Amino acid sequence: MNVITMASRKGGAGKSTLTAHLAAFCHDAGKRCLVIDADPQGSLTLWHSLRADGQPPLKSGARGIDRALAMATVEGYEWVFIDTAASMWVVAQEAIRAATLVLIPARPGFFDLDAVRATVDVARERNKPYAVVLNAAPPKRGDKETSAVAQSRAYFERLDIPVWAGQISQRSGYVLTLAAGESVCEAPDTVASTEMSRLWSAVERSIAAINEAHAAAAAAQGEAA
Ligand SMILES: Nc1ncnc2c1ncn2[C@@H]1O[C@H](COP(=O)(O)OP(=O)(O)OP(=O)(O)O)[C@@H](O)[C@H]1O
Ligand SMILES: [Mg+2]
């Protein structure tokens, strides 16, 4: 089971927004996909309540991440997206521990960038693959990233923190679709859906690489035994 944990100690970084849109892309790709809402604020639960078909399914993480994931395993889910709360750090750490990949949304602003380090520290301690996703970034001018985005990349490069090569821009489409119980996945051929589908493809590629590395390590261990 591929577990994507969305984590950041910074409120409003875009955890819930990215979780909803990515889960919708995953579901649309025909994967057995589950969303776990581990934030008592219930943003994802609200979005889910507005979904006409109730897909992808959602479980609460209120009784613990491990318990929700154990049920997801039994029920045969292939992909799980966990939305965590900025304030409930113990729960977020549990979700990071369970992750295949940790995604850390960050707005390109000084305070936001600094806040990423707390999440990176936990991911590194737990030996979990992680990457920052620049969110609510000023849109590119033509093909050119704005200086705010370029500076953010330089900041993370100095700290050896991997950052997704694309960006999710500040766009009303991300907000309006969620408010209607939809996602940009259901509004194809918009700039927002193109950006988000690129992020989904990058997540799929990363997960494939992580799983291959795990399989190779397990095979090497088997040979050594
Ligand atoms: N790319 C974007 N473009 C426009 N608005 C965005 C974007 N990403 C997030 N927002 C808006 O910013 C606000 C915060 O986003 P969101 O709720 O996803 O963050 P969060 O990290 O889940 O916050 P919290 O820590 O409170 O759970 C919301 O009002 C959301 O609609
Ligand atoms: Mg949230």
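## The sheet

Two strands count as paired when DSSP finds at least two bridges between them. With that in hand, take E1 and strand E5 (residues 101-106) in this predicted model: three bridges join them, and they run parallel. One spot to look at is Thr-5, whose bridge partner in E5 is Val-102.

Zoom out and you get an open sheet of six strands, ordered E3-E2-E4-E1-E5-E6, with parallel pairing. Strand E3 (58-60) and strand E6 (130-134) sit at the edges, each pairing on one side only. From one strand to the next, the twist averages 25°. Helix H6 (residues 147-158) lies across E5 and E6, and runs at about 165° to E6.

## Strand E4 and its partners

On its other flank, let's follow E1 to E4: these two pair in the parallel sense over five bridges, and Met-6 stands opposite Asp-83 in E4. Strand E2 (residues 33-38) also pairs with E4 in the parallel sense, over six bridges. There, Cys-33 has Trp-79 of E4 as its bridge partner.

How many of the residues of E4 are buried? Six of the six, so the strand is largely enclosed by the rest of the structure. Trp-79, Phe-81 and Asp-83 point one way from E4, while Val-80, Ile-82 and Thr-84 point the other way.

## Two nonpolar cores

The largest nonpolar core has 33 residues. Those with the most contacts inside it are Leu-22, Trp-79, Phe-81, Leu-103, Met-196, Leu-199 and Val-203. Helix H8 (residues 191-224) supplies the largest share of this core, eight residues. There's also a second, separate core of 21 residues, which includes Ala-7, Ala-99, Ile-104 and Ala-137.

Leu-22 is a handy place to start browsing the larger core. Not counting residues up to four places away in sequence, Leu-22 touches Met-6, Phe-81, Leu-103, Met-196, Leu-199, Trp-200 and Val-203.

## Aromatic pairs

A search of the whole structure turns up five aromatic pairs. Trp-79 and Trp-200 make one that is edge-to-face, at 5.0 Å centre to centre with 65° between the planes. This pair links distant parts of the chain, as Trp-79 is in strand E4 (residues 79-84) and Trp-200 is in helix H8, 121 residues apart. Both Trp-79 and Trp-200 are buried. Add Phe-81 and you have a cluster: ring pairs link Trp-79, Phe-81 and Trp-200.

Why is the pair of Tyr-155 and Phe-156 called edge-to-face? Their ring centres are 5.3 Å apart and their planes stand at 80°, and planes over 60 degrees apart count as edge-to-face. Tyr-155 and Phe-156 are both buried too.

## Asn-2, where E1 begins

Asn-2 lies in strand E1 (residues 2-6). Is Asn-2 buried or exposed? Buried: its relative accessible area is 10%, and the cut-off for that label is under 20%. The side chain of Asn-2 isn't without a polar partner, as it makes a polar contact with the side chain of Asn-211 (3.0 Å).

Asn-211 turns up again in the wider set of contacts. Leaving aside neighbours within four places in sequence, Asn-2 is in contact with Glu-78, Trp-79, Val-80, Thr-100, Ile-207 and Asn-211. Trp-79 is a familiar name by now, having appeared in the largest core and in the aromatic cluster.

Note on methods:
Residues numbered from 1 in each chain as written. Chains lettered and ligands numbered in written order. Predicted model: local features only at pLDDT ≥ 70, side-chain atom pairs only at ≥ 80, totals over all residues. Heavy atoms only, no water. Helix = DSSP H or I, 4+ residues; strand = E, 2+ residues; numbered from the N terminus. Buried < 20%, exposed > 50% of the residue type's maximum accessible area, 1.4 Å probe, protein only. Polar contact = N/O pair within 3.5 Å; in protein donor to acceptor, adjacent residues only side chain to side chain. Contact = heavy atoms within 4.5 Å. Axes fitted to C-alpha atoms, helices over the stretch in contact; angles between N-to-C directions. Core = buried A, V, L, I, M, F, W, Y, C linked by side-chain atoms within 4.5 Å. Phe/Tyr/Trp six-rings, centres within 6.5 Å; stacked < 30°, edge-to-face > 60°.
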